[in-house]
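Trainee: I should like to understand how the terms in a structural description are justified. May we go through them one by one?

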2 protein chains.
Amino acid sequence: MRIVVIGGDACGASAASGAKRALGESAEVIVLERQPWTSYSACGIPYWMAGEVEGPDGLVARTPEQHRANGLDLRTGWTVTAIDVEARTVSATTDSGGTEDLAFDQLVIGTGAVPIRAPIPGIDLPGVHGVQTLDDGLQVLDSMHRGPNTAVVIGAGYIGIEMAEAMKRRGLQVTVVDQAEQPMTTLDTDMGALIATAMEKMGISYRGGEPVQSIEAGDSGRAAAVVTQRGRYPADIVVLGLGVRPNADVAAAAGLPIGERGGLLTDDRMQVLDHPGIWAGGDCVEVGDRITGRRLHVPLGTHANKHGRVIGANLAGGDLRFPGIVGTAVSKICELEISRVGLREQEARDLGLDVVSVTIRATTKAHYAPGAGPIHVKAIAERGTGRLLGCQIVGQAGAGKRIDAAAVAIWNGMTVEEVTSCDMAYAPPFSPVWDPVQIATRRLTSML
Amino acid sequence: MRIVVIGGDACGASAASGAKRALGESAEVIVLERQPWTSYSACGIPYWMAGEVEGPDGLVARTPEQHRANGLDLRTGWTVTAIDVEARTVSATTDSGGTEDLAFDQLVIGTGAVPIRAPIPGIDLPGVHGVQTLDDGLQVLDSMHRGPNTAVVIGAGYIGIEMAEAMKRRGLQVTVVDQAEQPMTTLDTDMGALIATAMEKMGISYRGGEPVQSIEAGDSGRAAAVVTQRGRYPADIVVLGLGVRPNADVAAAAGLPIGERGGLLTDDRMQVLDHPGIWAGGDCVEVGDRITGRRLHVPLGTHANKHGRVIGANLAGGDLRFPGIVGTAVSKICELEISRVGLREQEARDLGLDVVSVTIRATTKAHYAPGAGPIHVKAIAERGTGRLLGCQIVGQAGAGKRIDAAAVAIWNGMTVEEVTSCDMAYAPPFSPVWDPVQIATRRLTSML
C-alpha cells in the first residue's frame, strides 16, 4: 500500500508517522513538503523573532532526516500542483525543478493555511511579511538586519500582538493597527480593552478602528509607512497579522468538498466527505464546534496534531474520531496571559441565544500570597438552562491555563452551578479559596 | 427565626453570611466562635511562619467586626459544650467565663477539625505544635522567637512539608520524619519519591519509614529531640503534621450521626441525616467521593466554603446541593508544584479495580520556550472502560493547576480517549503542543 501525504508539518507528519509505526513494511509512506523543514512550530516564530529562541532549527520538533530514519520517504522541496481523485494520483513539482506524478492508495492532505493578504495597495512590497512559515521568519529577520527603527503590525490577533511584542523587545517603535476598535476580536470588546491598555503600557501604540488604506513605499522601494483613514504610521517593517485561510486551492480544483469557511470538509474520522481513502486535517480543514454545531476554521497546531493522530490510526485500520472543538486558546503579551473558550457574549447574542454574562476581578493566588496578581474572568451562560457557554481570562502569571478547566466543563455541557460546585484545586500559592473561574460562575448562578 | 452557627471560619461564616443576606431582618443569626478570629485561612499559616505574610491579621478574610456590620451576632470566645437536639438548644461557655444556653430554630455545625495527636510520649511538651488555627501559628512564632536551631516535622503531608520549607527559610536545620517510605501519601510512592528528592535538594532532611517513638525534653523542659527507631533528631521545635480528624465530639455526644471516618453525616443539601433543621459542613463532616461512592474526610477550605454556600442558600429556603468531591489538591514546596486528583494507582488496585497507569515526563512550556521546566504526570485509568480514575502532577511553575482539567474530566467520567481529544489551550509559553496531561492520557489509550 502506498500512502501519499501532502505536507510535512503538524498534521501530515503526525499522520505519516502514526501510520508507518503501525503498518511497518506493509506501507510505503511518502511525504511531500514544499519547504526544507518538517514538524516545526509556527507558533514559536514570534519568540524566535524576539531573540528568545534560536531559529529556525530550535523550532523544529523532528527534522526530515529524523523522519526518514523512522522509515518515511520524506521529500522536501516538493510542491503538489494537482490531485486526480479518479486516477488516484498527485502531480508535483520536485526539488530538482521537474514534475512528477505519484499514484496513491491513500492520500492525506495536510496543506495548512496561507496568510490572508487583503487587497491593500502595497501589500506585496518588500518589507511586508506574513508570519506563517519558517521561511517567513527568515524574511522578517532579513528585514530586521537592515536596521529598522519602526514597525507596523496590521491586525491585532494573537500572532500580530506577539510579533509586536517581539519587535518592541528588539527596540523598534511599534504600532499595531486594526479595523476593530479593540485588539483580540476572539474576546469580547470589554476584555479586549484590557489588552489595548496593556499594550499601551508596554509602549506599543494601538490604533483601533482604523482600516488600512495602503502601504507606501520609500525611496528604496521597500515598505516605509502604513496609511489608514486617520493616520500615516512609519514602518520600516510591516507584519501582516490578518489571519489565515485554508490552503485548499489544489483540493478544491480536484473537486473535493470545501465548506463555507474555505476549508476541506471531513467526517469525524478526518476522511474527506464522500471520498474514501482521502483524508485531511490541520489548518486546511473546517472543524465542528461542539457548542453550536457550526463548522469553523480554527487553525491551531494543537488541533492539527490531534487530526494527525486520528488519521494515522485510521490509515492503519483503526477507528479514532476527532470530536470537535470548543474554541480554546491562550496567548501571552509580556506578562499578561490571555485565554478564551466557547462563545463570546456578542457572538452568543448574534446566534439568538438568551445569555447572561459577568466579569469578575480576583487574584491569581490567595490575596496575601507573594506574587498574587490581578485576574479578570468573564463568563457567559445560557439563561434558563444555566449552561456555561464561554469564558475569557485576562491576568497575570498563572491566569491563562485556568481556561482548560472551563474548556473541559464546556466540553461536557456543564451548567454554571455544576462548575461552581466542582472540585478544583486550591492552595494559597495557586488560587483564592474560590477559584476565579468559579467566582464568575457562582455569580452567574444568581442571574439565570 | 433564630439560626445558631457553631464556628465562624470558612463554612460557618459563609453559611451565616449567605443566610443573613437572603433573610435579612426575618432571621437572627448568632455565630459562636471559640477563637478571636473569623473567616481566616489556616492554609496560609506556613506562609506567615516563613515571614512572607503579615499574620495573623493578613490571613483574615473577614473580621468579627466586619461580620457584625453585616448583621451577624458574632460572638468570639464562645465554646459550645453541648447540643440538645430535642430541646433545640446549645450550651456554651461564654467570653466572660460563664455558661449560657441558646435556643435555635436552625443549627449549623461548622466546628472544623483538630490535629491528630498520636499517643507519642512527649507530644504534649512545650515546643510541640499543631498547625491548625491562628493560635497555633502564634505559638509556633513564640517558639521561633526563642532562637531555635533545629526543627523536626512529624508527618510529611502537605502541611508538614510547607512548614518544613517555612522553617528552612528561617534558617533552621529541618528534618521531616514519617512512617511512610515516601512523603505525600496522597500521591503514589513513585511520585512521592520525586518530592523526597526535591526536599533533600533544598536541604531538608527526609527520614521515611521511621515511626516516631518519643519526643524527648531538654533541660528547660521543652522539646529537644524526636526519637525514631533509627535515629534521634535534635528539635528545638517540633511541628505535628499528622493530619486532622473531624471536631465532632460535641455533635456525637448529642446523638448526631457520625461516619466511619469520624465526621458528621449529611445529605447533599448538607443537612445532618435524619435531622431537619440541623446542618453541618466543612472539616467536621464526611463528603462523598464521586468516583467510588465512598464517604471520605477531606478537610480543605475550598470544600468548607462550598458547604457554607450551600447551607446559607438552603437556610433561606433554597435547594442547593454539594455534589461531592474527586479528591483534587495542590501544594507547593519551593519551586516544585504538586497536585493530584482521583484514585492513586495503589488505592485503585486495593479497591479491586483493574487499572493501567503511566508516568510521563514533559515540559511545562514548549521545549524551546524560555523558562520551560520539567513536569511529571502520572495518569491512571480503568482497563476496559478507559475511564480516567486519577492523575498526579509534580513539576515546575505552571505544573500544579493543570490538575483542574483532569479534575473536571474525572468529575464528568471522561475516558482517556476523550481527554486526549479534548480542546485544551496551547501556546508555546504555556504548554507543549500536546498538553502534558494529554500526553499521559494518550499513552494510556494504547494500554487499555
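**Values and definitions**

Mentor: B:His297 is buried, with a relative accessible area of 17%. This is a predicted model, in which local features need pLDDT of at least 70 and side-chain atom pairs count only at pLDDT 80 or more, while totals for chains, interfaces and linings use all residues. Residues are numbered from 1 along each chain as its sequence is written, chains are lettered from A and ligands numbered from 1 in the order in which they are written, and side-chain values use heavy atoms, with hydrogens and water left out.

Trainee: Why is B:His297 called buried?

Mentor: Buried means under 20% relative accessible area, exposed over 50%, and partly exposed in between, with a 1.4 Å probe and protein chains only. The value for B:His297 is 17%, so the residue counts as buried.

Trainee: Where does B:His297 lie, and what does B:His297 touch?

Mentor: B:His297 is in the loop between β20 (295-296) and α8 of chain B. Helices (H or I, at least four residues) and strands (E, at least two) are DSSP runs, numbered from the N terminus. Leaving aside residues up to four places away in sequence, B:His297 touches B:Val244, B:Arg245, B:Pro246, B:Arg261, B:Asp283 and B:Val285; contact means heavy atoms within 4.5 Å.

Trainee: What distance separates the side chain of B:His297 from the backbone oxygen of B:Asp283?

Mentor: A polar atom of that side chain lies 2.6 Å from the backbone oxygen of B:Asp283.

Trainee: What makes A:Glu347 and A:Arg294 a salt bridge?

Mentor: A salt bridge is a side-chain nitrogen of Lys or Arg within 4 Å of a carboxyl oxygen of Asp or Glu. For A:Glu347 and A:Arg294 the N to O distance is 3.1 Å, so the pair qualifies. A:Glu347 lies in helix α9 (residues 345-350) of chain A and A:Arg294 in the loop between β19 (287-288) and β20 (295-296), so the pair ties together parts that are 53 residues apart in sequence. A:Glu347 is also buried, at 15% relative accessible area.

Trainee: How do you know that A:Asp435 and A:Arg402 are buried?

Mentor: Relative accessibility is 3% for A:Asp435 and 7% for A:Arg402, so both meet the criterion for buried. Their side chains meet in a salt bridge, at 3.2 Å from N to O. A:Asp435 is in the loop between α11 (416-421) and α12 (436-445) and A:Arg402 in the loop between β25 (388-395) and α10 (403-411) of chain A, so this pair ties together parts that are 33 residues apart in sequence.

Trainee: How many salt bridges are there over all chains?

Mentor: The rule gives 54 salt bridges over all chains. In chain A, a network of salt bridges links A:Asp188, A:Asp190, A:Glu345, A:Arg349 and A:Lys378.

Trainee: What supports speaking of a contact between chain B and chain A?

Mentor: The contact takes 61 residues from chain B and 61 residues from chain A. The two chains bury about 5100 Å² between them, 65% of it on carbon and sulfur atoms. Buried area is the accessible area (1.4 Å probe) that two parts lose on being put together, summed over both. B:Tyr368, B:Asp423 and B:Phe430 supply 15% of the area that chain B buries against chain A, more than any other three residues.

Trainee: How many salt bridges are counted between chain B and chain A?

Mentor: The count is four salt bridges. B:Arg309 and A:Glu417 meet in a salt bridge at 2.7 Å, N to O.

Trainee: What makes A:Asp274 and B:Arg88 noteworthy in phi?

Mentor: Most residues other than glycine have a negative phi, and most peptide bonds are trans. A:Asp274 has a positive phi of about 65° although it is not a glycine, and phi of B:Arg88 is near 55°, also a positive value in a residue other than glycine. A:Asp274 is exposed, with a relative accessible area of 74%, whereas B:Arg88, at 25%, counts as partly exposed.

Trainee: Which peptide bonds are cis?

Mentor: Among them are the bond from A:Gly55 to A:Pro56, with omega near -5°, and the bond joining B:Gly55 and B:Pro56, with omega about -5°.

Methods
A polar contact is a pair of N or O atoms within 3.5 Å; within protein, one must be able to donate a hydrogen and the other to accept it, and residues adjacent in sequence count only if both atoms are side-chain atoms.
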